[in-house]
Amino acid sequence: MTKTEKKPGIVTRNLNVTFNGVPAIENIDLELHRNTVTAVIGPSGCGKSTFLRALNLMHDMTPKCKVTGQITILDKEITEYTGVELRKRVGMIFQKPNPFPDMSIFDNVISGWKLSGMHNKKFYNEIAEKALRNSDLWDEVKDRLKEPAISLSGGQQQRLCIARTLAVEPYIILMDEPTSALDPISTQNVENTIYRLKSEYTFIIVTHNMQQAARISDVTAFFYLGKLVEVGSTRKIFTNPDEKLTEDYVSGKFG
Amino acid sequence: MELNSITYSKAKLRRRKFVNALMLSLCVVSALITIIPLIYIFFYTTGAGLSSLNLDFFTELPKPVGEEGGGMANAIVGTLILIGIGSVIGIPIGIMSGIYVAEYSKQLFANIIKFLTDVLTGIPSIIIGIFVYGIIVLPMKKFSALAGGVALGILMIPTITRITEEMFKLVPMSLREASLALGVSRWRTTVSIVLRTALSGIITGILLAIARAAGETAPLLFTAFGNSFWSSSLDEPISSIPVQIFNYAISPYEEWHNKAWAGAFILISLVFVINLIVRIITRQKYENTV
């Protein structure tokens, strides 16, 4: 499996998620291609995050949450993966930077390997440097790798979380509002990172920020009240959407 | 709205000020009542115990009545052994059941366990002693260090279970998710991320449980029993500081009374030092998180 093939990385068919019997997303049919950046937009509570978390089996942790329908990830049914196997291929970045607070910067970057029981220190240095360079953090932290991760600024912490995810070498990276807790400059740094890495990875970004979706994504999917309203090239969604609802949302008439 | 449109009378205001002062002074008096016994006990046992404390107290066996000198060496070592056995039983069971309740069990089952551990915490320790007497001493047909250690271990379990659970709950969900999202397995996340983050709090709980168990007399009376000599094995009766204090204190001999005070001083110092360590650990914890 080469990473550059232009074929679907993620396909969902009739995907439903319910919490306590209440549907959060209903009948989502989506095809997300490899090496593209897909933005998922929509007002609060429309099921964006719920959709994203279904893609790396994160709902398994939530009691009384039920996921039905078909998800195909990298040409394989999601049910054929264990959680561990899947999440090594499908990484996730969260809204609030969540570095491990009692680990150093270095230990955070290699935590995915270390906690999975790979103990080769020489390999660690290589992985850490590559991942930190990829997330544009290397120059800022190369002299202080042993310092605690929480000594970094919020924006740096988020890029550290990206480095930590990149270090595991996933194919797909899910991002749940990755910049909503960051200042504009940190946001720009993260966006640059995504832009630069999109030839190697498949990104799916949930965002509240429509300018962000317009800036960095190739494809945009608009969710409303748990349903997929429209999906298409970002240019089309923002300039000439098929649905009236989409047009109203991207032009700021509601949200 | 103008200020004088609020109706108030000077008499009402005076009354409120008086009630306020009264309540505040009651609070101050209560706070003093809380700490006075501790200060009194501390100074009294120090005064009475320190005079009969010498090197022999830590190295010698108890002497028979009438003979001068002697010490509590066997009781000090005995207490350490009993705490050791209690810890070997209480710490792993306490931590693991706490982890189960916090991370894995269904809500209903978790609530049942929480309720029962609360009840267990409230059960008088002498009843635990009787229980262990029934399950270990009677079948073995003798008092033993093992039985005493088991009794202390059972006493420690509910405290450690609850504190483990509470500390696990304080670890943010986002850390678990961060670890799982990296493809780390659930049990590894629990051990390497959640337990590690919660560890200083859990150690605090363990130390407090040990401090409590170290001073227990009642559950040891029918289990470890006591011993005037070195006990050679875990299935023999063993001496402990609290039981030794008890035996000396109810004796009619002045010399033994002094020994009891010295023992009490050692016990209080032990609890004091453990609490001090707890303070240091928790302070570091807060410095780290802020």
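Reader: What share of the area that chain A exposes do carbon and sulfur atoms supply?
Author: The model is predicted: local features need pLDDT of at least 70, side-chain atom pairs count only at pLDDT 80 or more, and totals for chains, interfaces and linings use all residues, while side-chain values use heavy atoms and leave out hydrogens and water. Residues are numbered from 1 along each chain as its sequence is written, and chains are lettered from A and ligands numbered from 1 in the order in which they are written. Chain A exposes about 11,400 Å² (Shrake-Rupley method, 1.4 Å probe). Of this, carbon and sulfur atoms supply 50%.

Reader: Why does the radius of gyration of chain A agree with a compact globule?
Author: The radius is taken over C-alpha atoms, and the globule rule is 2.2 Å times the number of residues to the power 0.38. For 255 residues a compact globule would come near 18 Å, which agrees because chain A has 18 Å.

Reader: How much of chain A is buried?
Author: Buried means under 20% relative accessible area (1.4 Å probe, protein chains only). Of the 255 residues in chain A, the buried share is 53%.

Reader: Which helix of chain B gives the largest share of the largest nonpolar core?
Author: Such a core joins buried Ala, Val, Leu, Ile, Met, Phe, Trp, Tyr and Cys residues through side-chain atoms within 4.5 Å. Among its 48 residues, Phe100(A), Ile95(B), Val132(B), Phe168(B) and Ile202(B) touch the most other members. Several helices of chain B each supply at least two residues, including helix 3 (73–104) and helix 11 (254–289). The largest share, 12 residues, comes from helix 8.

Definitions and conventions
Buried < 20%, exposed > 50% of the residue type's maximum accessible area, 1.4 Å probe, protein only. Helix = DSSP H or I, 4+ residues; strand = E, 2+ residues; numbered from the N terminus.
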